[in-house]
Amino acid sequence: MSEPVVFRNGSVLTMDDAHTVLTGADVLVVDDKIAEVGVGLAVPEGTVEIDATGGIVMPGMIDTHRHMWQTAMRGYGADWTLTQYFVWYYLESGKLFRPEDIYAGNLLSAIEAIDAGVTTTVDWSHGLQTPQHADAAVDALEAVPGRFVLAYGNIQQGPWEWSTSDGFRDFVNRRISSGNDMLGFQMAFDVTGDPSFPEKAAFEVARELGVPVTTHAGVWGATNDDGIRLMHENGFMTPQNIYVHSATLNKDSYHRIAATGGSVSVSTESEQSAGQGYPPTWTLRDHNIPVSLSMDTSVWWSGDLFSAMRTTLGADRSREHMAAHANAETVTHLHLRAEQVVDWATRGGSKALGLDDKVGSLQPGKKADIVLIKNDASPVMFPILNPYGHVAFQAQRGDVHTVMVNGRLVKRDHRLVDVDLAAARAKVEATVEHLIGEMGQEAWEKGMNPDIPETKVMDNPYTYTQWDAGSAQWKH
């Protein structure tokens with residue numbers, strides 16, 4: 001829009017350094033930037049006004065780890081373990097994805113993100129088997145008016161292979177430009193802990209290109225403390241590194257991450273369900289390691305950060321209570337607060353991605369990535385007494401009223417703007433049809449419905465089934 005836009009009379013979570021909350025306040029946007037935040041703002045003539053009364057205005061949320069290409073299989077792996085995920089994607093059927101299938105998944109995921117108020121998403125794109133797959137991934141991201149970071153990866157090759165190929169270098173030269181804050185770039189690969197450290201070649205490429213590395217660290221049975229040690233001893237741990245999950249590391253590894261300024265992307269729904277390890281927010285706080293939030297993959301879980309905030313609070317508090325109970329103690333004051341996870345979902349992501357001077361808070365001069373949470377038809381959206389608690393525990397994606405990215409309204413009055421869902425649906429349906437055709441219907445069904453382990457119900461010594469009121473006893 002060429003006209004200025006003002007959000008009027010909302011509860012404004014600025015997420016500035018002081019976490020200032022303004023009541024009945026306005027946010028004025030001119031061009032692609034926030035011009036002013038305050039109460040009763042005077043605005044230029046012709047300004048488009050959006051009534052935020054009864055709503056919460058906050059920065060756009062930021063997801064630092066999402067396998068967007070897998071979204072075309074939404075919910076397919078709902079009952080998977082991490083082992084089944086690895087077998088399906090890494091060893092068997094992941095190689096069936098064509099460039100057009102990467103496009104379909106990325107397109108749907110990108111639309112889903114902005115619809116849920118996630119204005120910046122890291123596409124942890126480890127399905128890029130060829131440069132053509134990578135081109136398709138970027139084409140999809142550029143087709144949706146969101147802010148994205150392509151994290152280039154390829155699970156069908158070792159990172160020392162694909163990162164040193166002419167095709168990868170050509171792709172970077174063709175499609176990635178410095179200074180484009182609408183499409184950032186990372187390299188995405190894992191470090192297995194092999195003593196020969198074959199990943200060194202990929203780190204050297206990342207250093208030469210001047211791009212960050214994002215890596216799944218501390219994943220039970222896959223990546224461990226040896227990987228962290230090798231990265232540190234070879235000088236490849238930097239403040240730009242994002243360590244995803246980091247759930248099963250020892251204190252030494254957490255110390256190395258903290259000392260080198262890295263951050264951790266926590267995917268609580270994933271860690272709770274798939275078995276990477278217990279969500280590590282409690283120990284990250286102990287080591288003063290910065291945290292951001294992420295959703296991982298819609299092949300299993302939801303694609304919005306409301307779920308991430310809610311489950312992260314629940315997991316952290318559950319562990320705090322259980323640790324206390326084990327010592328016959330009671331928790332009387334919780335350490336992790338709603339305000340902190342809202343920060344992780346916004347400012348935590350902007351800091352992790354090196355974008356904190358541009359997004360993550362509602363401050364004059366920053367890019368206008370803004371979300372209005374408001375739903376006059378919902379009994380859940382009033383009263384708003386604790387705005388942070390409301391965002392973290394009460395609101396949901398259906399309450400996202402308006403979304404602005406880079407000063408552009410991409411969702412308004414609960415409806416996406418200039419998004420062709422029918423076209424996205426057709427592309428996703430074509431991907432599903434392709435996968436079923438390649439695998440066969442029986443294999444497709446089996447992949448979606450893994451075997452259920454046998455269980456035995458414990459013998460119950462209480463066999464009484466009828467209560468005798470006269471004798472006040474249970475009878476056989």
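This is a guided tour of one protein structure, arranged as a series of selections to make in the viewer.

**The whole chain**

The model on display is predicted. Begin with the entire protein in view, drawn as a cartoon; 15 helices and 19 strands can be found in it. Its radius of gyration is 24 Å, close to the 23 Å given by the globule rule for 476 residues, so the protein is as compact as a globular protein of that length. Along the principal axes, the C-alpha trace spans about 85 × 65 × 50 Å. Of the 476 residues, 55% are buried. Among contacts between residues at least 6 apart in sequence, 73% join residues at least 24 apart.

**Salt bridges**

Next, display the charged side chains. The structure holds 32 salt bridges, and three of them are visited here.

Select Asp-115 and Lys-411. Their side chains form a salt bridge with an N to O distance of 2.9 Å. The pair connects distant parts of the chain, since Asp-115 belongs to helix H2 (residues 99–115) and Lys-411 to strand S16 (residues 408–412), 296 residues apart. Both Asp-115 and Lys-411 are buried.

Move to Arg-174 and Asp-135, where the closest N and O atoms of the salt bridge are 3.0 Å apart. Arg-174 lies in helix H5 (residues 166–175) and Asp-135 in helix H3 (residues 131–142), so this pair ties together parts that are 39 residues apart in sequence. The two partners may be compared by their surroundings: Arg-174 is partly exposed, with a relative accessible area of 43%, whereas Asp-135, at 15%, counts as buried.

Then select Asp-32 and Lys-33, whose side chains meet in a salt bridge of 3.6 Å, N to O. Asp-32 is partly exposed at 22% relative accessible area, and Lys-33 is partly exposed at 36%. Extend the selection to Arg-147, Asp-181, Lys-367 and Asp-369; together with Asp-32 and Lys-33, these residues are linked in a network of salt bridges.

**A buried glutamate without a salt bridge**

Select Glu-269, which is found in helix H9 (residues 268–274). Which side chain of opposite charge is nearest to Glu-269? That side chain is Arg-310, at 8.2 Å, and Glu-269 is buried yet has no salt bridge. A salt bridge requires a nitrogen to oxygen distance within 4 Å. The side chain of Glu-269 does make a polar contact of 2.8 Å with the side chain of Ser-302. Show also Met-295, Trp-301, Ser-307 and Thr-311, which are among the residues that Glu-269 touches.

**Helix H7 and its buried face**

Select helix H7 (residues 225–233) and highlight its buried residues, Gly-227, Ile-228, Leu-230 and Met-231. Turn the view to look down the axis of H7: the buried residues fall within an arc of 165 degrees, so they line one face of the helix. Now add helix H6 (200–209), strand S10 (213–217), strand S11 (242–245) and helix H8 (251–260), against which the buried residues of H7 pack.

Both ends of the helix merit a selection. At the start of H7, a side-chain oxygen of Asn-224 comes to within 3.0 Å of the backbone nitrogen of Asp-226. Just after H7, Gly-235 has a positive phi of about 75 degrees.

**Helix H13 and its cover**

Select helix H13 (residues 387–394). Of its 8 residues, 6 are buried, so the helix is largely enclosed by the rest of the structure. These are Pro-387, Tyr-388, Gly-389, His-390, Val-391 and Ala-392. To view part of what covers them, show strands S1 (5–13), S2 (21–30), S5 (56–59) and S14 (370–373), together with helices H11 (305–326) and H12 (338–352).

**Backbone details**

Most residues other than glycine have a negative phi, and most peptide bonds are trans. The last selections depart from this pattern.

- Pro-383 lies in the loop between S14 and H13; a cis peptide bond, with omega of about -5 degrees, joins Phe-382 to Pro-383.
- Phe-197 lies in the loop between strand S9 (183–188) and H6. Phe-197 is not a glycine, yet has a positive phi of about 50 degrees; at 5% relative accessibility, Phe-197 counts as buried.
- Ser-246 is placed in the loop between S11 and H8. Ser-246 likewise has a positive phi of about 50 degrees without being a glycine, and is buried with a relative accessible area of 0%.

Key: Residues are numbered from 1 along each chain as its sequence is written. This is a predicted model: local features need pLDDT of at least 70, side-chain atom pairs count only at pLDDT 80 or more; totals for chains, interfaces and linings use all residues. Side-chain values use heavy atoms; hydrogens and water are left out. Helices (H or I, at least four residues) and strands (E, at least two) are DSSP runs, numbered from the N terminus. Buried means under 20% relative accessible area, exposed over 50%, partly exposed in between (1.4 Å probe, protein chains only). Lys and Arg count as positive and Asp and Glu as negative; His and the chain ends are not counted. A polar contact is a pair of N or O atoms within 3.5 Å; within protein, one must be able to donate a hydrogen and the other to accept it, and residues adjacent in sequence count only if both atoms are side-chain atoms. Contact means heavy atoms within 4.5 Å. The arc is that of the directions from the helix axis to the C-beta atoms. The radius of gyration is taken over C-alpha atoms; the globule rule is 2.2 Å times the number of residues to the power 0.38. Lists of a residue's contacts leave out its neighbours within four places in sequence.
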